[in-house]
Amino acid sequence: MVIKVVALSGSLRKGSYNKGLIRSAVELSKGGVEGIEIEYVDISPLPLLNTDLEQEGTFPAEIEAFRQKILGADSILFASPEYNFSVAAPLKNALDWASRPPNVWAGKPAAIVSAGGGFGGGLAQFHLRQVGVFLDLHFINKPMFTPNAFQPPAKFNSDGDLIDEGTKEKLKAVLVSLKAFTLQLQGNN
């Protein structure tokens, strides 16, 4: 059985370390972690949440396509940068759109990874977990993944690609945990 994971990055920047984490997770799913398939879904085309865009229970095409991706996934991988001790606006926007009735997040297992300064994105992760409670998302508890991207050894290259093997191993552990938790929630443990 292959677990289908939708991966979202809260950063829209091309050289984002958080996008780099998603790229590494996709690579790991192609050889390092068996039984998991990760699809990156770009949230940059989503308009800002405006319920005036909903017409008679339907959504704009880009929102409906996004919601269908979430609905069809077995689990979700969030890469969340930390902006002002919280979740980045693009990610919050995506969370809100997919929560519009019917909430397509409900019951989904999820994991969060982040990379940044000081706390490595840890405060954004805690805030995302708080939002996830209302959305009925079920997050893995461990391992936490919050590397400080600016402390030696170098973890990313100038393109935002993850280059540190130790950090890749920690990312792999997150994916293994997400897979196991997804199978457990599906009753396939």
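Start with the largest cavity, which holds about 40 Å³ of space. Keep in mind that the model you have open is predicted. By the rule used here, one cavity of 30 Å³ or more is counted. Rolling a probe the size of a water molecule over the atoms shows where empty space is left.

To see the walls of the largest cavity, select Ala110, Ala111, Ile112, Gln125, Arg129, Ile140, Pro143 and Met144. Two elements, β6 (109-113) and α4 (122-135), each give two or more residues to this lining. Which element gives the most? β6 does, with three residues. Colour the lining by class and you will find six nonpolar residues, one polar and one charged.

**Next stop: helix α2**

Select residues 61-72, which form helix α2, and pick out phenylalanine 66 within this helix. Is phenylalanine 66 buried or exposed? Its relative accessibility is 3%, so phenylalanine 66 counts as buried. Now show what surrounds this side chain: apart from neighbours within four places in sequence, phenylalanine 66 touches Leu8, Val41, Ile43, Leu46, Ala94, Ala98 and Trp105. If you like using the distance tool, try phenylalanine 66 and glycine 10: they are 56 residues apart in sequence, and their C-alpha atoms are 14 Å apart in space.

**Across to helix α3**

Keep α2 on screen and add α3, which covers residues 89-99. The axes of the two helices, α2 and α3, come within 10 Å and cross at roughly 85 degrees. An angle of 65 to 115 degrees counts as roughly perpendicular, so α2 is roughly perpendicular to α3. To light up the contact, select Ile63, Phe66 and Arg67 on α2, together with Ala94, Trp97, Ala98 and Ser99 on α3. By class, this contact between α2 and α3 has five nonpolar residues, one polar and one charged.

Stay on α3 and select its buried residues: Leu91, Asn93, Ala94, Leu95, Asp96, Trp97 and Ala98. What covers them? The cover includes β1 (3-9), α2, β3 (75-79), β5 (86-87) and α4.

Zoom in on asparagine 93, a residue of α3. Asparagine 93 counts as buried because its relative accessible area is 10%, and the cut-off for buried is under 20%. Leaving out neighbours within four places in sequence, asparagine 93 has contacts with Leu46, Pro47, Leu48 and Leu49.

**Backbone details in the loops**

Most residues other than glycine have a negative phi, and most peptide bonds are trans. The next four places to visit are exceptions worth selecting.

- Proline 101 and proline 102: a cis peptide bond joins them, with omega about -5 degrees. Proline 102 lies in the loop between α3 and β6.
- Proline 152 and proline 153: the peptide bond from the former to the latter is cis, with omega near -5 degrees. Look for proline 153 in the loop between β7 (138-139) and α5 (165-185).
- Glutamate 56: this non-glycine residue has a positive phi, near 50 degrees. You will find glutamate 56 in the loop between β2 (36-40) and α2, where its 83% relative accessibility makes it count as exposed.
- Asparagine 84: phi is positive here too, at about 55 degrees, although the residue is not a glycine. Asparagine 84 sits in the loop between β4 (82-83) and β5, and is exposed, with a relative accessible area of 78%.

To finish, show asparagine 93 and asparagine 84 together: asparagine 93 is buried, whereas asparagine 84 is exposed.

Terms used: Residues numbered from 1 in each chain as written. Predicted model: local features only at pLDDT ≥ 70, side-chain atom pairs only at ≥ 80, totals over all residues. Heavy atoms only, no water. 1 Å grid on protein atoms, 1.4 Å probe; cavity = no way out; pocket = protein on both sides within 12 Å on 5 of 7 lines; lining within 4 Å. Points joined across faces, edges and corners; volume = space filled by probe spheres on them. Helix = DSSP H or I, 4+ residues; strand = E, 2+ residues; numbered from the N terminus. Nonpolar A, V, L, I, M, F, W, Y, C, P; charged D, E, K, R; others polar. Buried < 20%, exposed > 50% of the residue type's maximum accessible area, 1.4 Å probe, protein only. Contact = heavy atoms within 4.5 Å. Axes fitted to C-alpha atoms, helices over the stretch in contact; angles between N-to-C directions. Parallel < 35°, antiparallel > 145°, perpendicular 65-115°, else oblique.
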